[in-house]
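Work through the two exercises below, which concern cysteine pairing and charged side-chain contacts in a predicted model.

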Amino acid sequence: MKIKKIETLFKKYYNIEEITIEHDGKTFTRERMNKDSAVAAVVHNIQTDKYIFVEQWRPANLDNLIEIVAGTIKEGEDPEECMIREIEEETGYYVDTINKIFGPVYMLPGSCNEQMTIFYCEVSDKIDNGGGLEDENEYITVHEIDTHDVVSKYYSGYFKDAKTVLGLSKIVMDEINN
């Protein structure tokens, strides 16, 4: 595959590019959403022994989704720094420990170049209200769910967000192995 040209078709919150490719004498195009790298975390409140999720409106399904905490890495920011910042902004908790589960991985490699790193974080001290940043139009509701309910919801298909299902697979496997 030889990339002949990349042209920006749309540039706003997300950028859409058209890639012209040549292969075996054929020329064709594909579209790609160009997005910054991101982080997500399974957040465990070690004081209550519950997992913390955020609920917010998402344009993909035109409704609210309950998912693990996530955010976009700012220029010059380390993924761990970003994750700590996002947890504090969205949930109001101070991060006690942070451990990388895996990543970075492509979440939608057929259409988007965003790479995500997923962490497991423990929290115990609430230092702010959370709820996201008003200037980013985040209107977040925080939910704390106990381990048994998280596992039950995982298997029932309750979580519809890929990063959440992927991140929770570690928690579910740990529960099975214990």
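**Exercise 1.** Determine how many disulfides the model contains, and explain why the sulfur of C121 forms no such bond.

*Solution.* The count for this predicted model comes to 0 disulfides. Taking C82 to begin with, this cysteine is in no disulfide, and the nearest cysteine sulfur, which belongs to C121, is 11 Å away. Turning to C121, its closest cysteine sulfur is that of C82, and because the separation is 11 Å, the two are too far apart for a bond; the criterion requires sulfur atoms within 2.5 Å. As for their surroundings, C82 is buried at 0% relative accessibility, and C121 is buried with a relative accessible area of 0%.

**Exercise 2.** Count the salt bridges, then describe where the partners of the E17 and E114 pairs lie in the chain.

*Solution.* The count comes to 10 salt bridges. Among them is the pair of E17 and R32, whose closest N and O atoms are 2.6 Å apart. This pair links distant parts of the chain, since E17 belongs to strand β2 (residues 15-23) and R32 to strand β3 (residues 26-34), 15 residues apart. E17 is buried, with a relative accessible area of 8%, whereas R32 is partly exposed at 25%.

In a further salt bridge, E114 meets K35 with closest N and O atoms 3.6 Å apart. E114 sits in the loop between β8 (93-106) and β9 (115-126), and K35 in the loop between β3 and β4 (38-45), so the pair ties together parts that are 79 residues apart in sequence. Both E114 and K35 are buried.

Conventions
Residues numbered from 1 in each chain as written. Predicted model: local features only at pLDDT ≥ 70, side-chain atom pairs only at ≥ 80, totals over all residues. Heavy atoms only, no water. Buried < 20%, exposed > 50% of the residue type's maximum accessible area, 1.4 Å probe, protein only. Salt bridge = Lys/Arg side-chain N within 4 Å of Asp/Glu carboxyl O. Helix = DSSP H or I, 4+ residues; strand = E, 2+ residues; numbered from the N terminus.
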